[in-house]
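Hi everyone, thanks for making time this morning. I'd like to walk you through one structure and the surroundings of its ligands.

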Amino acid sequence: MKKQVLVTGATAGIGAAIADRFAKEGCRVIVTGRRKERLDAMTERIKHEYQVEAIALNFDIRERQEVEDAIDSLPQEWKNIDVLINNAGLAAGLDPIHEAKIEDWEQMIDTNVKGLLYISRKIMPLMTGRKKGHIINIGSIAGKQTYPKGHVYCASKHAVDSLSKAMRTDLLPYGIRVTQIRPGLVETEFSLVRFKGDEEKASKAYEGYQPLKPEDVADVAYYATTLPDHVTLNDIEITPTVQANSFIKNI
Ligand code: NDP
Ligand code: 8X3
């Protein structure tokens, strides 16, 4: 039987590409996010295009009760989640740490760290019970380096790095694979969100070079799940070829 996959933050960017990739391969997908119209359009398209089943769960991952109710609402046969992809996340603002907005910090920590924990805490017991599962956390190159004005975003991705190691350790007895994928620059709505809808600033982030496409990251996520059961890709850094790390770019 084909895998059943839950992707958080599937309304845009990397999450949308990952959901699409797994559906294309015949997997059943559960897509989540706050923008309901996008989720509904996506599930309809996926069902039609790939002839696979798809379910939309519409919630704000920062709201613990909403997360728990959404997972509880899944029909029993949809609870056998084989692959959880913790992708929902954002950067808010790019200001020096002493001038940054506290609300931006709260949004990033609540989404990138607490949200990831809320949904994982609901789904991990479903996996340990079956002694089966694969968790893919979308970290960032910012999870190993701290670039100017990146402070809390980088800290939140350092937390994802640490939580990936923690999951790998504690879930080891259950045979659950934990993969962290840490992309560099990917052209998505990420910069539009970071600059709060300022399209000019956002488009500059991807000017004059070839950034990664969301599909490039989706390919890697899918590949990680195709390996034999005894093989785990633990930590994968993927950047555009013009980028060596957060600081060194040939742009
Ligand atoms: P996008 O802005 O294109 O997509 C972000 C997704 O996260 C959307 O589907 C959004 O859905 C969802 N999301 C954000 N906040 C919430 C929330 N409170 N509740 C539920 N869902 C939420 O960005 P990317 O695709 O680029 O980002 C995806 C992940 O990849 C993030 O974790 C990001 O940190 C990481 N990443 C991105 C890189 C890049 O260069 N783009 C590089 C490295 C890592 P909705 O708004 O509908 O809720
Ligand atoms: C998003 C990529 O380098 O702008 O994680 O932080 S970066």
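**Two ligands and one buried aspartate**

Let's start with the shell around ligand 2: its residues split into four nonpolar, one polar and no charged. One thing to keep in mind as you look at the screen is that this is a predicted model.

So who is in that shell? The residues surrounding ligand 2 are Ser140, Ala142, Tyr147, Tyr153 and Phe190. Three of them come in with polar side-chain atoms. In Ser140, a side-chain N or O atom sits 2.6 Å from an oxygen atom of ligand 2. Tyr153 also places a side-chain N or O atom 2.6 Å from an oxygen atom of the ligand. For Tyr147, the distance from a polar side-chain atom to an oxygen atom of ligand 2 is 2.7 Å. As for cover, ligand 2 on its own would expose 240 Å², and the protein buries 85% of that.

Now over to ligand 1. Which residues come nearest to it? Out of 30 residues around ligand 1, they are Thr11, Arg34, Asn87, Tyr153 and Thr188. You'll recognise Tyr153, which we just met around ligand 2.

By class, this shell holds 13 nonpolar, eleven polar and six charged residues. If you'd like to find it by helices, look at α1 (13-24), α5 (151-170) and α6 (190-194), each of which gives at least two residues to the shell around ligand 1.

A few polar contacts here are worth pointing at. The side chain of Arg34 has an N or O atom 2.6 Å from an oxygen atom of ligand 1. Ala12 takes part through its backbone, with an N or O atom 3.4 Å from an oxygen atom of the ligand. With Arg62, the partner is a nitrogen atom of ligand 1, which lies 3.4 Å from a polar side-chain atom of that arginine. Taken by itself, ligand 1 has 870 Å² of accessible area, and the protein covers 97% of it.

Let me finish with Asp60, because Arg62 turns up again there: the two side chains make a polar contact at 2.7 Å, and Asp60 counts as buried because its relative accessibility is 14%, under the 20% cut-off. Where does Asp60 sit in the fold? You'll find it in the loop between β3 (54-58) and α3 (64-72). Leaving aside residues up to four places away in sequence, Asp60 touches Arg34, Glu66 and Val67. And Arg34, you'll remember, is one of the residues that come nearest to ligand 1.

That's my tour, and I'm happy to take questions.

Conventions:
Residues are numbered from 1 along each chain as its sequence is written. Chains are lettered from A and ligands numbered from 1 in the order in which they are written. This is a predicted model: local features need pLDDT of at least 70, side-chain atom pairs count only at pLDDT 80 or more; totals for chains, interfaces and linings use all residues. Side-chain values use heavy atoms; hydrogens and water are left out. A residue is near a molecule or strand if one of its heavy atoms lies within 4 Å of it. A polar contact is a pair of N or O atoms within 3.5 Å; within protein, one must be able to donate a hydrogen and the other to accept it, and residues adjacent in sequence count only if both atoms are side-chain atoms. Accessible areas come from the Shrake-Rupley method with a 1.4 Å probe; for residues, only the protein chains shown count as cover. Ala, Val, Leu, Ile, Met, Phe, Trp, Tyr, Cys and Pro count as nonpolar, Asp, Glu, Lys and Arg as charged, and the others, Gly among them, as polar. Helices (H or I, at least four residues) and strands (E, at least two) are DSSP runs, numbered from the N terminus. Buried means under 20% relative accessible area, exposed over 50%, partly exposed in between (1.4 Å probe, protein chains only). Contact means heavy atoms within 4.5 Å.
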